Amino acid sequence: MFTENPFQRPETAAIAGALGGAAAFVVGMGAWALGTTFSARREARAARRALGKAQATLAGLDPGTNVTLEGVLEVVGEPGARFEDGAPAAAATAAGPYCAANARAPRLRLVLRDGTVDLRGKTRVVAGSREARDGAIDVLSEETATRIRAACGDTDPLPAGPLRMRSVAHGDRVLVAGRIVQAEETPGAAGYRERGAPWTLEAPSSADRASEVLRIAFAGVPVVSGVMRTAFSRWRLRKIAPYALQAAAFGAALGVGKATYDVHVLAARAEAQAAAEAVARKKAAAQRGPPAYCKEFADQYTIAMDRASTCTHDNDCRVTLRGEQWYDLDGCFRFENRHASTEAADRIAREWLEAKCVSSYEVCSVQPSSMCRKGHCVERPPSGVPETWVRKTFARQFTFFAPPDVDTTLQNGFQCGPGALLNLHRFDFDVTFLLDGYGVALDGPTTSVRIGRYGAVAKWMEGLDLAMAGPDYVRGFLVVFDEKEATCPPFCLPGFGGFGSDTGNVGYLHVKARCKTDAVCEEAFKILETLGPL
């Protein structure tokens with residue numbers, strides 16, 4: 001019976017849609033701010049690469065050549081100031097799209113492994129240890145704008161547009177690019193840190209006067225601040241307010257349209273679905289025997305086969321291919337003692353079949369080996385797989401082996417065909433098998449792998465890729481099977497999961513694992529390597 005939901009009324013749906021549109025806009029702005037932080041780190045890596053390969057010693061330097069040196073930055077005497085807050089800094093830059101304001105301490109030097117180098121001339125921080133993102137100079141605080149104007153003086157143009165403020169501090173490990181020259185040593189000092197360095201790094205000559213600067217890049221990951229403040233600053237909110245209103249109006253329109261659709265259509269659909277379910281229940285009741293009756297037969301069969309599978313040695317055991325109408329009782333295989341009679345078990349199985357207890361039908365292909373363990377005939381895993389591992393199945397199409405302490409749980413109602421999902425969980429890893437209706441293209445570096453007879457592409461994950469999984473997961477992998485290996489779903493009986501026998505549905509297998517150690521990830525990947533057809 002269709003029941004009206006309060007949110008299906010046009011007036012409440014309009015309000016909910018408007019709030020949803022506004023919330024989506026705010027979330028989008030937050031995502032933009034987070035993306036800005038990652039963008040700053042990418043820009044820092046690009047800036048370091050642009051400086052070229054760095055040298056950490058003075059050995060082999062040719063005076064008069066352009067070099068990039070790596071060392072610890074030291075301030076001798078008074079420090080400079082950061083533009084954004086006036087805090088002490090060795091060097092700072094407020095860069096716009098076309099020009100930049102630069103400031104530095106009066107005296108800087110770079111400490112290398114075997115000596116020091118004085119830094120002479122203007123500096124430009126291209127990658128800072130601390131960075132801030134802010135708006136144009138006319139929307140900055142008066143103190144920040146004053147420091148930028150003082151750095152530019154009367155000759156240099158003021159940077160325009162959104163500003164990137166970068167700075168490096170005393171003690172930071174940095175890369176500095178410039179022209180190396182040899183200076184005369186200042187006599188009378190006690191040590192190399194107390195006298196003028198015999199080497200000096202100065203700005204290289206250039207036809208463009210603005211390019212005559214020492215470029216400095218922090219060697220680590222920058223700390224970015226001011227991103228959220230900039231995203232929701234007054235000047236930016238005034239600029240994007242029309243877009244926010246448009247998002248809210250669009251959400252309200254969608255809400256009204258969805259409510260109208262629900263009111264006119266969902267009632268009829270609910271009645272049709274109820275009728276179809278009633279017919280399906282009648283058909284299922286007619287096709288299958290009473291559940292309690294079938295369970296009693298299955299329990300008797302299990303007891304009979306338990307007697308027929310006792311053993312002393314491996315040679316006592318054999319395996320019989322089953323599947324088909326016997327899948328619910330035995331799965332794909334039955335392990336039994338070759339010297340024992342299975343007549344009692346077979347008689348119960350025939351009675352179970354005559355009682356219409358069949359709910360699954362599978363055609364199995366591979367026949368495994370058997371062995372005797374703990375007094376019963378059981379399956380022997382393939383070569384290379386630990387003997388304690390047991391066989392698992394997925395989507396009625398695939399089979400694999402896993403340790404016995406792994407918890408295997410179906411996560412949704414689809415037991416076969418596209419949409420089927422299986423989760424393998426243990427205290428130190430989590431693996432998800434998903435048979436999706438669509439293929440997936442992996443970003444970043446990947447590796448082509450062969451899983452049994454299937455071709456696949458693997459991507460190892462760590463760091464930010466596992467941020468949502470929890471702090472204990474440090475390693476993981478994602479394996480996407482080749483679209484050429486996509487398979488049509490097997491036959492699924494009505495009412496027992498899957499997409500029926502519609503051969504138009506094609507399944508694409510994806511496997512995602514998250515692990516707490518590298519060794520555990522190797523074990524999880526070994527589980528995947530045992531994958532094969534059912």
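The lining of the largest pocket mixes 14 nonpolar, six polar and eight charged residues. Nonpolar here covers Ala, Val, Leu, Ile, Met, Phe, Trp, Tyr, Cys and Pro, charged covers Asp, Glu, Lys and Arg, and polar takes in the others, Gly among them. Keep in mind that this is a predicted model, where local features need pLDDT of at least 70, side-chain atom pairs count only at pLDDT 80 or more, and totals for chains, interfaces and linings use all residues. Residues are numbered from 1 along each chain as its sequence is written, and side-chain values use heavy atoms, with hydrogens and water left out.

**The largest pocket**
- A pocket is an open set of points on a 1 Å grid over the protein atoms alone, where a 1.4 Å probe fits, with protein on both sides within 12 Å along at least five of seven lines; lining residues have an atom within 4 Å of a point.
- Its 28 lining residues include D330, F333, F335, V378 and E379, the closest to the pocket's centre.

**The nonpolar cores**
- A nonpolar core joins buried (under 20% relative accessible area, 1.4 Å probe, protein chains only) Ala, Val, Leu, Ile, Met, Phe, Trp, Tyr and Cys residues through side-chain atoms within 4.5 Å.
- The largest has 35 residues, and F394, L424, F433, F481, L528 and L531 touch the most other members.
- Among the contacts of F433 (heavy atoms within 4.5 Å) are F394, L424, L528 and L531, leaving out residues up to four places away in sequence.
- Apart from it lies another core, of 24 residues, including A105 and F218.

**A look at T144**
- T144 counts as buried because its relative accessibility is 4%.
- Leaving out residues up to four places away in sequence, T144 touches F83, E84 and M165.

Notes:
Buried < 20%, exposed > 50% of the residue type's maximum accessible area, 1.4 Å probe, protein only.
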